[in-house]
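These entries record what I looked up in one structure, taken in the order in which I worked.

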Amino acid sequence: MTRSVFPLLLILTLLGGCTPHPVLKTDNITPAQAWLQPGVQVNLPAPTLETPVNQQQLLSATVNGKTQSLLVLLSADGQSLQLAGLSPLGIRLFKLVYDQQGIHTEQAIISDKLPPAAQVLSDIMLSYWPVNRWQPLLPSGWTLKDEGMRRVLSDQNGRVVTNIDYLQRGSQRQPVSITQRAFHYQIAIQNVGN
């Protein structure tokens, strides 16, 4: 499961690992790539967006019947995407910045069990970035389609890999849940503080 881990493992590991250890920080730059399913890796779209996004979100991840929560601060200003994860007590667990150089990571816990930072970003970018920015990067035969208030990522055989459900809030469509079938997890997204 080394390369075929999913973003929620990061969240669960970070939350489970919050014991009184010395804070270790690293600043690593990694290529902007992520896994869509085991054995299928793609480049992420450029971090630029026409419409800036600033969200505070409570992510509740369900894996194997267990649910964990994490507060995420998301900011995409048109040039870069920044993501900070906080524990339920408000302690910063990690910070990711995706810009033209790649993905910069800074995390409070060092572990070889953590997936690449791009795994967390890929779900967010699948939710917010336009379909036409994703489609050229997907493997041959894969599709990403908006179907009303749902976005569906399907593999070359037409099997659904990821569903993203949205809710209309004013003039904006905001993601409220992500179901990732290849890695078997679901994320409920609640916007807070906006």
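Entry 1, pairing. Before reading any partners, I note the criterion that two strands count as paired if DSSP finds at least two bridges between them. With that in hand, I looked up the position across from Ile187 in E13 and found Ile178 standing opposite. The model is a predicted one, and I read local features where pLDDT is at least 70.

I then asked how many bridges join strand E12 (residues 172–180) to E13. The count is 4, and the two strands run antiparallel. On another side of the search, strand E4 (residues 53–63) also pairs with E13 in the antiparallel sense, over 7 bridges. Here I looked up Ala61, whose bridge partner in E13 is Ile187. Ile187 thus appears in both of my lookups, opposite Ile178 and as partner of Ala61.

Entry 2, faces of E13. I next asked which residues of strand E13 (residues 185–192) lie on its covered face. They are Tyr185, Ile187, Ile189 and Asn191. The uncovered face carries Gln186, Ala188, Gln190 and Val192. This reading fits a general rule: in a regular strand the side chains alternate between the two faces of the sheet.

Entry 3, the turn. E12 and E13 form a hairpin, with 4 residues between them. I looked up His184, which is placed in the loop between these two strands. Its phi is near 60 degrees, a positive value in a residue other than glycine. For context, most residues other than glycine have a negative phi. Is His184 buried or exposed? I find His184 exposed, because its relative accessible area is 59% and the cut-off for exposed is over 50%.

Entry 4, the largest pocket. I turned to open space and recorded a volume of about 380 Å³ for the largest pocket. Its lining has 16 residues, and those closest to the centre are Leu49, Thr51, Val53, Tyr128 and Arg173. E4, H2 and E12 are the elements that give two or more residues to this lining. E4 gives the most, with 3 residues. Sorted by class, the pocket lining holds 7 nonpolar, 5 polar and 4 charged residues.

Entry 5, enclosed space. A search of the whole structure returned 2 cavities of 30 Å³ or more. I examined the second largest, which has a volume of about 60 Å³. It is lined by 12 residues, of which Trp35, Leu36, Ser122, Asp123 and Gln180 are the closest to its centre. Which elements each supply at least two residues of the lining? They are strand E2 (33–37) and helix H2 (117–128). H2 provides the largest share, 4 residues. By class I noted 7 nonpolar, 4 polar and 1 charged residues in this cavity lining. H2 therefore enters my notes twice, since it supplies residues to the cavity lining and to that of the largest pocket, where elements are DSSP runs numbered from the N terminus.

Entry 6, the chain as a whole. I closed with totals. The protein chain has 3 helices and 13 strands. Of its 194 residues, 47% count as buried. Among contacts with a separation of 6 or more, residues 24 or more positions apart account for 49%. The chain exposes about 9800 Å², and carbon and sulfur atoms supply 52% of that area.

Definitions and conventions: Residues are numbered from 1 along each chain as its sequence is written. This is a predicted model: local features need pLDDT of at least 70, side-chain atom pairs count only at pLDDT 80 or more; totals for chains, interfaces and linings use all residues. Side-chain values use heavy atoms; hydrogens and water are left out. On a 1 Å grid over the protein atoms alone, a cavity is a set of points where a 1.4 Å probe fits but cannot get out, and a pocket is an open set with protein on both sides within 12 Å along at least five of seven lines; lining residues have an atom within 4 Å of a point. Grid points are joined across faces, edges and corners, and a volume is the space filled by probe spheres set on the points. Ala, Val, Leu, Ile, Met, Phe, Trp, Tyr, Cys and Pro count as nonpolar, Asp, Glu, Lys and Arg as charged, and the others, Gly among them, as polar. Buried means under 20% relative accessible area, exposed over 50%, partly exposed in between (1.4 Å probe, protein chains only). Contact means heavy atoms within 4.5 Å. Accessible areas come from the Shrake-Rupley method with a 1.4 Å probe; for residues, only the protein chains shown count as cover.
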